[in-house]
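Trainee: Got a minute to walk me through a structure? I'd like to start with one residue and work outwards.

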Amino acid sequence: MENPSHIIALVTGGGFALALVFGAVAQRTGFCTMGAVADIAAMRDWGRMRMWLLAMAVAIAGANVLDLAGLVDLSRSAYPGARWPWLAHLTGGFLFGVGMTLGSGCGSRSLVRLGGGNLKSLVVLVFLAIAAAMTLRGLLSPLREWLSAPAVRFDQGQDLAWLLASPLGTGKRVVQPWIAAALVIAIGAFVFRSREFRADTGRVAGAVLLGLTVVGGWYVTGRLGFVAEDPETLQEAWLGTRTARPESLTFIGPAANTLELLLAWTDKSVRLTFGVAVFVGVLAGAFLHAVASRTFRWESFASAADLRSHVIGGLLMGFGGVTAMGCTIGQAVTGVSTLALGSFVVFGAIVAGAAVTMHWQYARMEARPV
């Protein structure tokens, strides 16, 4: 077997390279999931939402091709497990949506904005990482565990292929390609129905590239990082990931892991992982693009109220993202690519939380005296 340290270096290096592309593309195209919801709420403009959905469709197509070809086993990832903590997904997703609205963007968007010189996003990321760490193993972990207790347990798994295969009396592999294809075709039909979006080649290409980075993440961790027999446990393992499972792009848990690594740098038990490499890589990619395109600009808070909103937003995203097991990318693109039921629920809860908060903000603005 190849040296495990070499495999870990390959996985983390591959994650960093994919994240460089993600950061640069997101910086260039203005990709923002919070902005997608805001555009619809304020102007009925679906352009950025179509971009988000197209990235999702590309991720679904690519991930399931890898799975069906036997290159990656998506069922071994954290998303399509047999236990579905529905209350945690609904609550965490909704709070995340509220937080990303108050914080002017989700975790990935905050990294991209920070790469462009936005100091507001630095504050968001610091409080997001603190709240995420507290939710994983700290003061807030009992609340997360309480929310995760109510759950539905399925016989096999919660991915749509298993859920439909059982009543149809057939195997998962028979149903899976049809479900994946149907979702990709349905999303594609909606996305490209807009002539304006079809003509926007920058957004189309950007969405495809962002979706492919998620597919690349599955290949790097699920294929390149896989060993049939770990020298330490003598069992199959996926090296270089925090969960010891196949992973792809996600940002809330890795924010806490990055903070932990910075605080315990000399502790040999705390290692660089794929998620941390992605977290740092997105920031680096956005920064390099901002400098190269001469769009780097320092930006800070306009008022104490603005600061307060971003602090609260970061805290809600940290708690909500960990509780929901992902964010607008980690669940709504990476998780959805596994066809996990919970990921679709979290996606809807995030959009709902963001929409409710935006309507509340607009109502306050309209009620404010001129």
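Trainee: Where does Gly81 sit?
Mentor: Gly81 lies in the loop between helix H3 and strand S1, residues 83-84. Helices (H or I, at least four residues) and strands (E, at least two) are DSSP runs, numbered from the N terminus.

Trainee: Anything I should know about the model and the numbering?
Mentor: This is a predicted model, where local features need pLDDT of at least 70 and side-chain atom pairs count only at pLDDT 80 or more, while totals for chains, interfaces and linings use all residues. Residues are numbered from 1 along each chain as its sequence is written, and side-chain values use heavy atoms, with hydrogens and water left out.

Trainee: Back to Gly81. Which residues does it touch?
Mentor: Gly157 and Gln158, not counting residues up to four places away in sequence. Contact means heavy atoms within 4.5 Å.

Trainee: How is Gly81 classed for exposure?
Mentor: Gly81 has 26% relative accessibility, so it counts as partly exposed. Buried means under 20% relative accessible area, exposed over 50%, and partly exposed in between (1.4 Å probe, protein chains only).

Trainee: And how far is Gly81 from Trp238?
Mentor: In sequence, 157 residues. In space, 17 Å, C-alpha to C-alpha.

Trainee: Try another pair. How far apart are Val152 and Ala182?
Mentor: They are 30 residues apart in sequence and 26 Å apart in space, C-alpha to C-alpha. Val152 is in strand S2, residues 152-153. At 33% relative accessibility, Val152 is partly exposed.

Trainee: What is Val152 in contact with?
Mentor: Ala82, Arg83, Trp84 and Trp86, leaving aside neighbours within four places in sequence.

Trainee: Let's zoom out. How many helices and strands are there?
Mentor: The protein chain has 16 helices and four strands. Its radius of gyration is 20 Å, close to the 21 Å that the globule rule gives for 370 residues, so the chain is as compact as a globular protein of that length. That radius is taken over C-alpha atoms, and the rule is 2.2 Å times the number of residues to the power 0.38.

Trainee: What share of the residues is buried?
Mentor: Buried residues make up 52% of the 370 in the protein chain.

Trainee: What about contacts along the chain?
Mentor: Take contacts between residues at least 6 apart in sequence. Of these, 79% join residues at least 24 apart.

Trainee: Which residues touch the most others in the largest nonpolar core?
Mentor: Phe22, Trp52, Phe96, Met100, Phe251, Val282 and Ile329, out of 85 residues in that core. Helix H3, residues 47-68, gives the most to this core, with 13 residues. A nonpolar core is a set of buried Ala, Val, Leu, Ile, Met, Phe, Trp, Tyr and Cys residues joined through side-chain atoms within 4.5 Å.

Trainee: Why would such side chains gather?
Mentor: In soluble globular proteins, nonpolar side chains tend to be buried together.

Trainee: Pick one. What does Val282 touch?
Mentor: Beyond residues up to four places away in sequence, Val282 touches Ala19, Phe22, Gly23, Ser108, Leu111, Val112 and Phe251.

Trainee: Ser108, Leu111 and Val112 are listed in H5, right? How many of the nine residues of H5 are buried?
Mentor: Nine of nine, so helix H5, residues 107-115, is mostly covered. Its buried residues include Arg109 and Arg113.

Trainee: Which helices do they pack against?
Mentor: The buried residues of H5 pack against H1 (4-29), H4 (86-102), H6 (119-137), H13 (274-292) and H14 (304-323). Just after H5, Gly117 takes a positive phi of about 105°.

Trainee: Which residues other than glycine have positive phi?
Mentor: Two examples. Ala244 has a phi of about 60°, and Leu339 has one near 70°.

Trainee: Are those two buried or partly exposed?
Mentor: Ala244 is partly exposed, with a relative accessible area of 40%. Leu339 is buried, at 1%. Leu339 is found in the loop between H15 (330-335) and H16 (341-367).

Trainee: Last one. Where is Asp39, and what does it touch?
Mentor: Asp39 lies in helix H2, residues 33-43. Asp39 counts as buried, at 8% relative accessibility. Not counting residues up to four places away in sequence, Asp39 touches Arg44, Asp45 and Arg48.
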